[in-house]
Number of protein chains: 2
Amino acid sequence: MPVQERKQRERVERERLIVATARELAEQQGWDAVTTRRLAERIEYSQPVLYSHFRGKREIIGAVALEGAAEMAAALRATASATDGPHARVTALARAYLGFAERNPAVYDAMFQLDGGLAFADEDTPEPLKDAFAALLETLGEVAGDGVQPGLFTEVFWAALHGLTTLTRAGRLPREDTERGVELLVDRLAVA
Amino acid sequence: MPVQERKQRERVERERLIVATARELAEQQGWDAVTTRRLAERIEYSQPVLYSHFRGKREIIGAVALEGAAEMAAALRATASATDGPHARVTALARAYLGFAERNPAVYDAMFQLDGGLAFADEDTPEPLKDAFAALLETLGEVAGDGVQPGLFTEVFWAALHGLTTLTRAGRLPREDTERGVELLVDRLAVA
DNA sequence: GACTGGATGCTAGCACTGCTAGACAATCGA
DNA sequence: TCGATTGTCTAGCAGTGCTAGCATCCAGTC
């Protein structure tokens with residue numbers, strides 16, 4: 001039944017369109033501007049069509065978050081593998097992380113600030129999220145130091161980076177302090 | 001004209017009631033539950049009364065944030081002054097910070113996650129916010145180490161604490177890792 | 001080739017949100 | 001006692017996420 005296959009393909013394609021459009025709209029005008037009406041209008045379908053793909057707006061945010069997690073993992077790995085030496089690698093990783101958040105604020109928010117209905121730190125955490133954490137762990141685990149679990153070290157380092165971006169983006173920290181902040185963080189936290 | 005004085009007093013009192021009620025409702029049921037209608041009902045006035053005190057919901061959140069900042073500053077100073085030795089003091093400070101966020105999640109969100117329309121890292125930042133940062137600085141400045149500006153050090157340490165709480169509260173980090181995370185943070189970041 | 005049943009997408013509408021215009025009543029100064 | 005001012009309320013607007021129920025269209029059957 002090639003007809004049903006075609007329909008299935010079109011459905012998958014439309015779902016991609018929804019996620020991509022939501023992401024685009026969020027990056028352009030912020031998540032507040034991503035309403036079901038506007039989103040429906042942009043994909044040139046009526047509102048209820050969204051609900052035949054996703055349970056609700058939250059699930060759309062979740063889909064954007066997963067897409068973002070996969071991209072971030074790839075970006076972090078690319079950076080790490082292109083840098084030699086543990087210390088330099090950690091610095092590059094941190095910059096890559098902050099750079100990703102800075103370039104994709106809406107996606108970053110979908111991943112870590114908004115409720116996308118995703119499980120975390122849990123066995124049924126979606127694969128892309130676990131993988132993004134794994135990408136951090138691969139580089140950070142090297143510099144955890146003796147007697148410190150790589151997982152815990154990664155969590156703490158990650159939390160510091162997360163705090164740095166969110167506070168900076170929210171205007172709570174001056175932007176020009178980020179770079180020196182990263183240096184301080186790497187110098188003190190990472191064991192040579 | 002004592003009549004006007006009484007009215008003025010009542011107005012101030014009602015404004016306090018609004019802020020306290022918003023805070024209470026937010027802590028009980030989350031900020032999503034704090035709608036202008038529900039808030040008006042709880043203070044036993046009609047909705048428009050809220051707008052005679054505040055420009056909008058955002059300003060109410062801002063008022064809760066300021067109240068929270070003052071409390072947090074006091075709590076941090078109390079902890080710091082009750083502990084001897086820089087290292088122990090920093091540890092106690094970090095625990096106090098995380099404890100405050102854990103006990104007052106809605107207030108913490110008003111301060112750092114939600115938009116309360118407040119200026120930050122700026123000359124016209126409200127006094128309570130500057131003072132909360134100052135309270136951190138007083139203790140953290142001692143352990144910044146040579147060649148590191150106390151202000152920058154405080155920002156980075158604060159960012160780490162902020163990341164730790166928000167990620168933990170959002171279910172992104174396991175709660176049982178917090179304590180070891182704090183120890184790691186203090187051991188590595190603070191210079192003896 | 002006409003018919004039918006099920007899938008598909010639409011219109012219309014619900015209950016809610018933040019916010020405001022305009023009517024009304026209470027209170028004040030003269 | 002009267003007019004003006006102040007304070008509060010009712011009612012309503014435009015927007016939100018989400019859904020019931022109706023049209024339409026098209027694949028598969030006779």
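## Chain A in outline

Helices and strands here are runs assigned by DSSP, with at least four residues for a helix and at least two for a strand, and they are numbered from the N terminus. Counted this way, chain A has nine helices and zero strands. Read from the N terminus, its elements run α-α-α-α-α-α-α-α-α. This is a predicted model. The C-alpha trace of chain A spans about 60 × 40 × 30 Å along its principal axes.

## Two domains

How is chain A divided into domains? The domain assignment gives domain 1, residues 1-53, and domain 2, residues 58-189. Their C-alpha centres lie 28 Å apart.

The two domains of chain A touch each other. Domain 1 gives eight residues to the contact, and domain 2 gives nine. On the side of domain 1 that touches domain 2, five residues are nonpolar, one is polar and two are charged.

## A helix crossing in chain A

Now take one pair of helices. Helix 5 of chain A covers residues 86-103, and helix 8 of chain A covers residues 150-169. Their axes come within 10 Å and cross at roughly 35°. The crossing is right-handed.

Which residues make the contact? Helix 5 of chain A brings Ala94(A), Tyr97(A), Leu98(A) and Ala101(A). Helix 8 of chain A brings Leu161(A), Leu164(A) and Thr165(A). By class, six of these residues are nonpolar, one is polar and none is charged.

## How the two chains meet

Chain A and chain B are in contact, with 25 residues taken from each chain. On the chain B side, helix 8 (150-169) and helix 9 (178-189) each give two or more residues. Helix 8 of chain B supplies the largest share, 10 residues. The side of chain B that touches chain A has 16 nonpolar, four polar and five charged residues.

What turn and shift lay chain B on chain A? A turn of 180° with a shift of 0.0 Å along the axis does so, with an RMSD of 0.0 Å. That is the relation of a two-fold axis. Also, 100% of the interface residues of chain B are interface residues in chain A, so the copies meet through the same surface.

## Around DNA strand C

Strand C is surrounded by 19 residues. The closest are Ser46(A), Pro48(A), Thr35(B), Gly56(B) and Lys57(B).

Four helices each supply at least two residues of this surface. One is helix 3 (47-53) of chain A. The others are helix 2 (36-43), helix 3 (47-53) and helix 4 (57-81) of chain B. Helix 3 of chain A gives the largest share of the surface near strand C, four residues. By class, the surface near strand C has seven nonpolar, seven polar and five charged residues.

## Around DNA strand D

How many residues surround DNA strand D? There are 19, and the closest are Thr35(A), Thr36(A), Gly56(A), Lys57(A) and Ser46(B).

Chain A gives two or more residues to this surface from each of helix 2 (36-42), helix 3 and helix 4 (57-81). Helix 3 of chain B does so as well. The largest share of the surface near strand D, four residues, comes from helix 3 of chain B. The residues near strand D divide into seven nonpolar, seven polar and five charged.

Definitions and conventions:
Residues numbered from 1 in each chain as written. Chains lettered and ligands numbered in written order. Predicted model: local features only at pLDDT ≥ 70, side-chain atom pairs only at ≥ 80, totals over all residues. Near = placed C-beta within 6 Å. Nonpolar A, V, L, I, M, F, W, Y, C, P; charged D, E, K, R; others polar. Contact = placed C-beta atoms within 7 Å. Axes fitted to C-alpha atoms, helices over the stretch in contact; angles between N-to-C directions. Left-handed = near helix turned anticlockwise from the far one by under 90°. Least-squares fit on C-alpha atoms with pLDDT ≥ 70 in both. Domains from an automatic or database assignment.
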